[in-house]
Amino acid sequence: MKTSEKIAGTVANYVDERTGAAKWLKKNLTKVFPDHWSFMLGEICLYSFIILLLSGTFLTFWFDPSQREVVYNGSYAPLSNLTMSASYASTLHISFDVRGGLLMRQIHHWAALIFMAGIIAHLLRVFFTGAFRKPREFNWLIGVGLVTLGIVEGFLGYSLPDDLLSGTGIRIAEAILQAIPVVGSYLAFFAFGGAFPGHVFIPRIYTVHVLLLPGIFLALITVHLMLVWYQKHTQYPGPGRTEKNVVGYPLMPVYMAKAGGFFFIVFGVTAFLGAVASINPIWLYGPYTPGQISAGSQPDFYMGWLDGLVRMAPPIETHAFGHTISWNILLPGLIIPGILFTGMALYPFIESWITGDKAEHHLLDRPRNVPNRTALGAMSLAFMLIILVNGGNDIIATHFHLTINQIMWFTRIGVIVIPPIVFVITKRLCLSLQRADREIVLHGKETGRLVMLPHGEFVEVHQELTPAQKFVLTQHSQPEPLAIPDTDAGGVRNPTGIKGKIRSRLSRANAEQVGAPSESEVKAIDGGHH
Amino acid sequence: MSNEISKFSDPGLPEHVHRKTDIDPKAEKRAEQQVAILFVLSALCTVLTIYSYLFIKTDTFVFLPIMGDTNAHQLFLGIGLAGSLLFIGFGAVHWAKQLMPDTEVVALRHEMRSEDVDREDFVQTVKERAGTAGLGRRSLIKRSLGLAVGIIGLTPLLLLRDLGPLPRKQLNTTSWAKGTRLVTDPGNKPIHVNDLEVGAVAQVLPELPAGTERTLENIGTDAVLLIRLRPEDFQLDSERLSWTHEGIIAFSKICSHMGCAVALYEQQTKHLLCPCHQSTFDVTRAAKVIFGPAARPLPQLAITVDNKGYLVAQQGFTEPIGPSFWERSS
């Protein structure tokens, strides 16, 4: 035996005698993971989270989360001798006087954007392929929690430097807090330790940003991954893949190398962005003061939709009995986001209620085969995009020579009109794609090759699909509408009443499908073409 | 249903196709060398990182085509770091794709649900254990425990009480009062009525009593915009008109929507625009909201001049400034 093997053996023996890890590892090192590019989206989130922890820890060594007033005398000359908060001054110090400081700040900010973009892309992938279905509803809920906390964490993060832009963001957050009926001004005074801006808010959100929320993230991500591990990953339909198996590559060595390598690639891309692409140049904004602002104040993209919603809100307040309710803040700032995120969290349960489907699903859906869900997803996406556009209305107005009023009115009307249209178009598109699938299974692919038959007729040669291709296009199950009778056999009205009616309507809409062709249909038309 | 019965059958896993590296030892050798080259490139990039950290001065700039002048120290440090990470990643992935086994493996899934017998055992165990504790029987213990656990939640809430003072009347008050002089920001200089030309706009603050230092909280409530129009431009009722002085009108600069500074003034249209959410206020009509989400005009500050011709407030604000809150009465 080689010495290296001997040493490894001794160490392994030492650990195993104390943990019994060998048995578990033996089984799990050969665990199978299916391979698909869209499964890397979730990995991007995990890796950018690790990058955030690393770069964030670096930043804490110099960042001073204090609103104590100091006079700046660092190396950035334009702000010399200006009075500012210690947190702004220390952010300038990191950016200009700590070697690699600006790079790390930019890596941290880029990683946060990639983290959020990755979460959104991953969420869409999971939604459109139906990966949230039984048994994975818990993981969907954890995911909704992660995206919500991600938005909060990102907002707190870019609020920390206490520059003019981030201070404006905090001012808006304070106004939302203050608008909550009955307890609003108390909440605001408790959060800010008195009147805005006070001296305690940045130290407080610093603790939340670097300790409390990362801790919760770590816990949620761990459970998220443990469930993926335990339930085994979903897979796309294909030859040899069933609900009862998982086809892919073993953890050791292939997946370790690929996933490990991918971590370095994500980190490398983030570092490259941090090196060449300037982000949040706080030194250009100046220190925060409540009396000033700069034009084009914009939050990061994952907050932009919320800002757009606030911008398009109707100017309504209720004044009654000596009290004020600001609908123009509550509706876009709390009520609508609340409905959106609650709806998102409940979606798996609503869908299973509509379809009556209580079976486990490990094979993913092709989005076209579930037209209603796909259309709903596209509709929600359209809604978010329109309000996001309005969040950037000032920038769009200056770049495209429009007025803010035009964009605001377009999005105000569009946010109500466009999503339903998108729903209908998407549903029709899905059904058309199903028809196209049916067509090529029955008649093969068009080859563009024309052949003249002996009697002079021209026909285009169609190439028959391989059995594997036919299987992929036809393997999905065809939903049947739930039969919820209005009356029972004795003529007594169904007690579920309106709820049952809604359910059966939705279920019927859901079952609208172009039937997948069967083998016998192909045989029936298999006349003289092939 | 007929179409269920005659569904296309699953042809099973496709046959494994060998890669070039599996059958051609030369290709295998080449792939191995490529992986090694990638790892060596990573090491070289780390050398670049170290070099940049130690030897490129932090105030050196280089010109980049799209980015313009860029700090060379942080640029090469970052490129070195990015390269050293990326090449490790590329190497590992290339290794996995070219040289590690690429045969797909099949593993079986098991239903998540426990076996019936295990579930029954579980229920039995829970019932038995709970029974030994007497959770079902001892309702006195159950209720008193419920009380204790229910009420203990108050402690953390109580302990959070000292996070901040009660708001009391603070949201209703500013530093403005009868006779307070308007002073420039920055500069703290009193403003003579002749200092402002028609069309001019200025940010002002109240003069604070000698010895008082201005805080950010003060600015957050006291900031006022001063605008001078021609007196005939106003469309105000007589009271509001009496709050102006020779065409000079003053509004709270803190947006009545969400408290941003309403800092954009359009001289042509005489509109004030808040850059946060685009609420637009018409200066000639006492800052009436003409567009955007704000529901109330900006509070107007009544001004006049003292005997030396300096602008002063006639009185404090007659309503709370800034965003709305529950206790606000109008």
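# Questions on a predicted two-chain model

Student: How many bridges join strand β10 of chain B to β11(B)?
Tutor: This is a predicted model. Strand β10 (residues 280-282) of chain B and β11(B) run antiparallel. Within this pair, B:T280 stands opposite B:F291 in β11(B). The number of bridges that join the strands is three.

Student: Which are the edge strands of the open sheet with the order β8-β9-β10-β11 (chain B)?
Tutor: That sheet has four strands with antiparallel pairing. An edge strand pairs on one side only. The strands of chain B that do this are β8 (264-266) and β11.

Student: By what angle are neighbouring strands of this sheet turned against each other on average?
Tutor: The sheet in question is the open one with the order β8-β9-β10-β11 (chain B). The angle is taken with direction ignored. On average, neighbouring strands are turned by 30°.

Student: How many residues lie between β1(B) and β2(B) in their hairpin?
Tutor: Strand β1 (residues 61-64) of chain B pairs with strand β2 (residues 68-71) of chain B over four bridges, in the antiparallel sense. In this pairing B:F61 stands opposite B:N71. The two strands form a hairpin, and the number of residues between them is three.

Student: Why does α5(B) count as lying largely in the open?
Tutor: A residue is buried if 20 or more other C-beta atoms lie within 10 Å of its own. Helix α5(B) has 18 residues. It lies largely in the open because the number of them that are buried is zero.

Student: What span should the 18 residues of helix α5 of chain B have at 1.5 Å a residue?
Tutor: The expected span is 1.5 Å times one less than the number of residues. The end C-alpha atoms of helix α5 (residues 116-133) of chain B are 26 Å apart, which agrees with the expected value of 26 Å.

Student: Which residue follows α5(B), with a positive phi?
Tutor: The phi of this residue is near 75°. The residue is B:G134.

Student: Which element gives the most to the side of chain B that touches chain A?
Tutor: In all, 81 residues of chain B are in contact with 91 residues of chain A. The elements that give two or more residues to this side of chain B include α1 (2-5), α4 (72-98) and β3 (105-108). The one that gives the most, with 17 residues, is α4(B).

Student: How many nonpolar residues does the side of chain B that touches chain A have?
Tutor: The residues on this side are sorted by class. There are 21 polar and 11 charged residues. The nonpolar residues number 49.

Student: Which residue of β3(B) stands opposite A:N245?
Tutor: Strand β4 (residues 245-250) of chain A is joined to β3(B) by four bridges, and the two run antiparallel. In this pair A:N245 stands opposite B:L108.

Student: What distance separates the centres of domain 1 and domain 2 of chain A?
Tutor: The domain assignment of chain A gives domain 1 (28-296) and domain 2 (366-519). Eight residues of domain 1 are in contact with 11 residues of domain 2. Taken over C-alpha atoms, the distance between the centres is 34 Å.

Student: How many charged residues does the side of domain 1 of chain A that touches domain 2 of chain A have?
Tutor: By class, this side has four nonpolar and four polar residues. The number of charged residues is none.

Key: Residues numbered from 1 in each chain as written. Chains lettered and ligands numbered in written order. Predicted model: local features only at pLDDT ≥ 70, side-chain atom pairs only at ≥ 80, totals over all residues. Contact = placed C-beta atoms within 7 Å. Nonpolar A, V, L, I, M, F, W, Y, C, P; charged D, E, K, R; others polar. Pairing = 2+ DSSP bridges. Domains from an automatic or database assignment. Buried ≥ 20, exposed ≤ 12 C-beta atoms within 10 Å, placed from the backbone. Axes fitted to C-alpha atoms, helices over the stretch in contact; angles between N-to-C directions.
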